[in-house]
Amino acid sequence: MIVLEGSIPAALTSLLSVVAGLGAIAGALVVVTAPRAFRAVMGLLITVVCLSIEYVLLAAPVIAFIQILVYAGAVVVLFLFVVMLLDLDGSRAESSSRGPVRWEWAIGGTAAFFMIGVCGIYYLAKLPAPAAPAVSEATPDGVQAIGVTLLRDYLVSFEAVAVFLLAAAVAAIYVAHAHGRGEKADPAEPDPAPEAGAAGAAAGKEAP
Amino acid sequence: MDNPILFLTILLPPFLGALVIGLTGRYLPRKLPGILGCATVLVSLAASIRGFVDLHHVEGALLEADFGVWFAVAPLTVRFHFLLDPLASFMTLVVSGVGFLIHVYSIGYMRHEARDERFFSFMNLFTGTMLTLVLAGNLPLMFIGWEGVGLCSYLLIGYWFTDGAKAAAGIKAFLVNRIGDLGFLIGIFLLVHAIGTVDFQALAQPALFESVGAGLLCGIGLCLFLGATGKSAQIPLYMWLPDAMAGPTPVSALIHAATMVTAGVYMVGRLGVLFAASGVLPIVAVVGAATAFFAATMALTERDLKKVLAYSTVSQLGFMFLAMGCGAYSAGIFHVYTHAFFKALLFLAAGSVIHALHGEQDIRRMGGLLRKLPVTGTTFLIGGLALAGLPLLSGYLSKDEILLAARTSFVPLWLLAELTALLTAAYVGRLVWLVFFGKTRIEAAAWAGVRESPPVMTGPLVVLAAGAALAGYVNLPHVVAHEGAALLKRFLAIAGEQAITASAAAEVAGLVVSGLVCFGGLALAYGFVVRRRAQLHARLARPGALGRLHALLLAKYFVDGFCMRYLAGGARKLAGVVHFLDELFVDAFLVRGVFGLLVRILGEATRLLQAGRVQAYGMALVLGGAAMLLYLLLSEIPW
Amino acid sequence: MSGYLALSLALFSIGALGVVLRRNLLVMLISIEVMLNAAILALVVFSRMYGSVDGRVMGILAIAVAAGEVAVGLALVIAFVRLRGRPDATAMDLLKW
């Protein structure tokens, strides 16, 4: 059980949290502004790692581990695979003549951004302070509690997610599969068996 | 007494049969649709007989079934309420009984058709809707059956819809019926307005109509009678029936005998109290007598075998309405019943003849067929004589009742009716002679190939022939049977029936006159058609009054031509004017002008929004969400 | 605590900007991931604020869903690139027809 609060000075904790937050925002900005897909993936990686630091600071190390495992370990790698597979940053990159960003919409987007920001800050300011002091210090992140809740109160959701993942896997394979091409290619290939047989026979003749 | 099971067993089988045959018929073995169709009607018939028997043990002679509320619009509540009183019971027997025989006959008649499941499906539906009409406990429910038989007649008359003329005949039947149905519907609305009930049991109370204004009541009666004229082919809406011959012959038999055309007569009987109170009965009687007479004259010169029978149906229906108009409801229903036998028989026998001659319907190209078609010919003869009113056959007895009623209420109508009866006997004589007797006018090669129909077709003919001969004995006149007289009349006990009092001498005189009229008509036919055919044709060919009359009758009083020219033509001219205005004002000015431009501008403007790019829609989503947040924020600030 | 929520808000907004403004399908997908991360962060923060473990459990479920979403999304990108030859959202214009 990792109990950071108390063992590390509070000032250091909040400094770390600010740095990690700024890092996450910087990563997100890289995602949005990166001209190449590869850099965008790297930006995502930065965001993900920084957020996992925040989770640890929020006394939720299990989420932090899962975040690292699933996002940094699986999702980002998957993105990288696709970038390389499709050779997105090579011959088929976004056409340079129009640029990576649709500037004609940037104004609208920015307006929305600020609207959301302003409203969000307003609501954040209004947010009532939590009545009770957070999670009890003794079990800041009870893995047991998470497990029990997940498999008792959220059992249906849990099972549904399981089925969803299976369906997603099947769907991903189906959608990404090159329909018709593989089947067409197979009969075109010459059957190697007769040649092998003939070669074997020839070898047999030669051997004695 | 409540007995829902009985009603379900009468009503449901034909509908189920129609559904099953119609939906699955094409996958069934070849003959199964026909057998299924017969079986369902047989179940209905059995249930009808059961109901008829039960009725004798039930207090008040009334069986009911209530299947809940259909709709309720205060103060009117219409329920799925069916009732089986003697009148309804009698009609169900006629409908399902004769209908069953016609179904059996159809198996033989339709066996050369590649596919017959559509036919049997519609026939079952026809029977089912007619049974609904008969058993309905209130007017809206009856209207369902009323519309149902109209629909089925359309479907069956236009059965061979690939033939344009036949499809047109179906449409004509439907449209003409529509006029009558509209009258019926308006009548129901007026009734609701005036009295506030549509329930038959409530409408059988004469006291109900005392507080209603005479004019309104008369209007209700006229509207309902218009509905009856449409369905029962009376002047002015009789034109559809002769054209209805376009359908397969069993359909004609079903329409003319069991189901469709008797609906109007039945409705008048069902609403007997209302009609008696409304004061339109004289109109009913006059229309009936006039229809009977004119249709009989048209039947005299008709050359198409089935159309002669069609006009004779119109004429006989006229007789029924004459009886209804005289207040002798049971006499009218009695004639419905005997007519169902002999007219079904005549049509089925005619179908058998047409079947044997491979579709030939022109009686000028027949003759001498009795030798080739003994069963068909004999049964046709019996049916024809019953129609002509040969003494002791069913038609004689029922027609005599009507004539008696007419004589006691209004003598001129009686004279017209007797004249019509004379003409009836004459055209029946002509028809029978031209088809079955004398030298054949069929080419030798075809003559050799004429064969009697199979037993599945002749069987129903024989049964119906027995019915046509003997059916009349359920309702004998007083003078003959004394205590056992008028069984049917006493059984039916229709509300609102007017008592007819006639002395024994008058009854005997009526019977004798009817017989004489029948023989007179047959003698006329013999004289003109058999003996002096050549002279007759020569006279007709010369210009003169007789020739002109003949031409007038051949052209059916130019009614169809008049309708086409003035009604249809007028409608077409009106449509032309409206079309021109439509082009000029609506299309050119409004559609292509003002609003067209507006819509175009709006469309061009909104087109820009629909960029078709995913991100544009995403942007709209984000902006919309942001706007909502902003709205919430602004609404919280105390300005 | 509201500092964390502000961070979540900022990440969410930046991610939304990326989805809307970038034309590269892959970058759009990555931006969606950023948004998802912001949402998970908010869940965890609320869980901490109210002393309840539910938010964290939901966060775990959300991460699992995000993994599936990435798999399907990337498959779609691959299929689209195969179809159109470039991962350009402006090439996704069939809705107009």
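This briefing walks through contacts between chains, buried cores, one helix, a strand pair and a few unusual backbone spots. The model is predicted, so please read everything below as a description of that model. A good place to start is where chain A meets chain C: 67 residues of chain A are in contact with 59 residues of chain C.

**Where the chains meet**

- On the side of chain A that touches chain C, two or more residues come from each of α1 (10-33), α2 (37-57), α3 (61-86), α4 (103-126), α5 (143-152) and α6 (155-176) of chain A.
- Helix α3(A) gives the largest share of that side, with eleven residues.
- Sorted by class, the residues on this side of chain A are 54 nonpolar, nine polar and four charged.
- Chains A and B also touch: seven residues of chain B are in contact with eight residues of chain A.
- The side of chain B that touches chain A has seven nonpolar residues, with no polar and no charged ones.

**The nonpolar cores**

- The largest nonpolar core holds 193 residues.
- Within this core, the residues that touch the most other members are Leu135(B), Leu322(B), Ala344(B), Leu345(B), Ala417(B) and Ala468(B).
- Helix α15 (residues 329-356) of chain B supplies the largest share of the core, 17 residues.
- Another core, of 85 residues, lies apart from the largest one, and its members include Ala112(A), Ile116(A), Met619(B) and Leu74(C).
- To see one core residue up close, look at Leu322(B): leaving aside neighbours within four places in sequence, Leu322(B) is in contact with Ala285(B), Gly288(B), Ala289(B), Ala292(B), Ile402(B), Ala406(B), Leu413(B) and Ala417(B).

**A helix to check with a ruler**

- Helix α2 of chain C covers residues 25-49, which is 25 residues.
- At 1.5 Å a residue, α2(C) should span 36 Å, and its end C-alpha atoms are 36 Å apart, so the two values agree.
- Is α2(C) mostly covered or mostly uncovered? It is mostly covered, since 22 of its 25 residues are buried.
- Just after α2(C) comes Gly51(C), which takes a positive phi of about 60°.
- When you turn a helix on screen, keep in mind that an α-helix has 3.6 residues a turn, so residues three or four places apart point the same way.

**A pair of strands in chain B**

- Strand β1 (residues 63-73) of chain B pairs with strand β2 (residues 76-84) of chain B in the antiparallel sense, over eight bridges.
- How many residues does the hairpin use to join β1(B) to β2(B)? The hairpin joins them through two residues.
- For a landmark in this pair, find Ala65(B), which stands opposite Phe82(B) in β2(B).

**Unusual backbone spots in chain B**

- The peptide bond between Ile235(B) and Pro236(B) is cis, with omega about 10°.
- Pro236(B) sits in the loop between α8 (214-232) and α9 (240-243) of chain B.
- His358(B) is not a glycine, yet its phi is positive, about 55°.
- The loop that holds His358(B) runs between α15 and α16 (369-372) of chain B.
- His358(B) counts as exposed because it has 10 C-beta neighbours inside 10 Å, and the cut-off for exposed is 12 or fewer.
- Leu392(B), also a residue other than glycine, has a positive phi near 80°.
- Leu392(B) lies in the loop between α17 (374-388) and α18 (394-409) of chain B.
- With 13 other C-beta atoms within 10 Å, Leu392(B) is partly exposed.

Terms used. Residues numbered from 1 in each chain as written. Chains lettered and ligands numbered in written order. Predicted model: local features only at pLDDT ≥ 70, side-chain atom pairs only at ≥ 80, totals over all residues. Contact = placed C-beta atoms within 7 Å. Helix = DSSP H or I, 4+ residues; strand = E, 2+ residues; numbered from the N terminus. Nonpolar A, V, L, I, M, F, W, Y, C, P; charged D, E, K, R; others polar. Core = buried A, V, L, I, M, F, W, Y, C linked by C-beta atoms within 7 Å. Buried ≥ 20, exposed ≤ 12 C-beta atoms within 10 Å, placed from the backbone. Expected span 1.5 Å × (residues − 1). Pairing = 2+ DSSP bridges.
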